[in-house]
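Colleague: Can you take me through this model? I will ask, you answer.

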Amino acid sequence: MITIKSKREISLMRDSGKVAAAVLEALKRAVEPGITTAELDKMAEKLIRRAGGEPAFLGYQGFPASICTSINSEVVHGIPGLRRLEEGDIISIDLGVVLKGYYSDTAITVAVGRISPAAERLLDVTSKSLEKGIAAMRAGGHLSDISHAVQKYVEANGYSVVYSYAGHGIGTAMHEEPQVPNLGPPGHGPKLQRGMALAIEPMVNLGSAEVVVEDDGWTVRTEDGSLSAHFEHSVALGKDGPIILTAP
Ligand code: MG
């Protein structure tokens, strides 16, 4: 069942989303050659707790950290550790916050120092595909309008959308119904209505769409070793259209 959030609940989700956005912004600024992903994770946990929230990912199905850090050909769910970022890397940082019982989930892919023009374009297209998806979230439309908007933009730019993972409803749980795939024909799935809240999260590969899971049981990477990017916002559908709950 898809839960419909009241105005009050959306306002609480926005409070949670503001914390997530501020922490992500701080992490983005901290990204530089030489820093380890474990250091970013520590920073995230400290900042989330200082704001009165809890890291939603920590302990989730046994996940050992507060953020996911996925570098270069890693798509999502990378585990922070002692790996040091290097000039030219790209790193996807995904984080979740729970504040007063309400969840928010957001991700960004960041350049480490100077990156190749190809990597820069991948980041730009993935970020814009998220904007396209959000713009397609309209009352009276259908869920797959979002999926289609993402896919159309990504494929028009020559990249692949990862189909094995999807976005999701969000609210008093991190993962609620419905799933929000990043591809599909428009006009399908549940009708979108005011009060729905979705985490929309395109994962885009420079090469093929195929992904594999590493031996750690978490890290998802591209099968062909090509670069991958990931951008995510938690978005509610309000009276006047989509409200980006995790906007900075
Ligand atoms: Mg998510």
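Modeller: Start with Asn72. This residue sits in the loop between strand E2 (67-71) and strand E3 (74-76). Keep in mind that the model is predicted.

Colleague: Is Asn72 buried or exposed?
Modeller: The cut-off for buried is under 20% relative accessible area. Asn72 has 17% relative accessibility, so this loop residue counts as buried.

Colleague: Which side chain does the side chain of Asn72 join in a polar contact of 2.9 Å?
Modeller: Setting aside residues up to four places away in sequence, Asn72 touches Arg83, Asp89, Ile90, Ser226, Leu227 and Ser228. The polar contact of 2.9 Å links the side chain of Asn72 to that of Asp89.

Colleague: And which backbone nitrogen lies 2.9 Å from a polar atom of the Asn72 side chain?
Modeller: Ile90 is among the residues that Asn72 touches. The backbone nitrogen at 2.9 Å from the Asn72 side chain belongs to Ile90.

Colleague: Turn to the nonpolar interior. Which helix gives the most to the largest nonpolar core?
Modeller: That core has 37 residues. Leu40, Ile91, Leu95 and Ile146 have the most contacts inside it. The top contribution, 6 residues, comes from helix H1 (residues 7-30).

Colleague: How many residues are in the second, separate core?
Modeller: Its members include Ile90, Leu123, Val125 and Ala229. Ile90 is also the residue whose backbone nitrogen lies 2.9 Å from the Asn72 side chain. The size of this second core is 13 residues.

Colleague: Back to Ile91. Which isoleucines does it contact, leaving aside neighbours within four places in sequence?
Modeller: The contacts of Ile91 include Val31, Thr37, Leu40 and Leu85. Thr109, Val110 and Val112 are also among them. The isoleucines in contact with Ile91 are Ile71 and Ile108.

Colleague: Now the metal. What spacing do the donors of the magnesium ion follow along the chain?
Modeller: The protein donors are Asp105 (OD), His168 (NE2), Glu201 (OE) and Glu232 (OE). They lie 2.2 to 2.3 Å from the ion. Along the chain, the spacing is D-x62-H-x32-E-x30-E.

Colleague: How many residues apart in sequence are the parts that His168 and Glu232 tie together?
Modeller: His168 and Glu232 are both buried. His168 lies in strand E7 (residues 167-169). Glu232 is in the loop between strand E13 (228-230) and strand E14 (233-238), so the pair ties together parts whose separation in sequence is 64 residues.

Colleague: How many salt bridges does a search of the whole structure find?
Modeller: One of them joins the side chains of Arg49 and Glu45, at 2.9 Å, N to O. Another joins Asp124 and Lys128, at 3.1 Å, N to O. The search of the whole structure finds 6.

Colleague: Why are Arg49 and Glu45 separated by about one helical turn, and in which helix?
Modeller: They are 4 residues apart in one helix, so about one turn separates them. Arg49 is partly exposed at 41% relative accessible area, and Glu45 is partly exposed at 25%. The helix is H2 (residues 37-50).

Colleague: Which helix holds Asp124 and Lys128?
Modeller: Asp124 is partly exposed at 37% relative accessibility. Lys128 is partly exposed at 31%. The two are 4 residues apart, about one helical turn, in helix H3 (residues 117-135).

Colleague: Which residue forms a salt bridge with Glu214?
Modeller: Glu214 is partly exposed, with a relative accessible area of 30%. Its partner is partly exposed at 27% relative accessibility. The closest N and O atoms are 3.1 Å apart, and the partner is Arg221.

Definitions and conventions
Residues numbered from 1 in each chain as written. Predicted model: local features only at pLDDT ≥ 70, side-chain atom pairs only at ≥ 80, totals over all residues. Heavy atoms only, no water. Core = buried A, V, L, I, M, F, W, Y, C linked by side-chain atoms within 4.5 Å. Buried < 20%, exposed > 50% of the residue type's maximum accessible area, 1.4 Å probe, protein only. Contact = heavy atoms within 4.5 Å. Donors = N, O, S within 2.8 Å, 3.2 Å for Na, K, Ca; no water. Salt bridge = Lys/Arg side-chain N within 4 Å of Asp/Glu carboxyl O. Polar contact = N/O pair within 3.5 Å; in protein donor to acceptor, adjacent residues only side chain to side chain.
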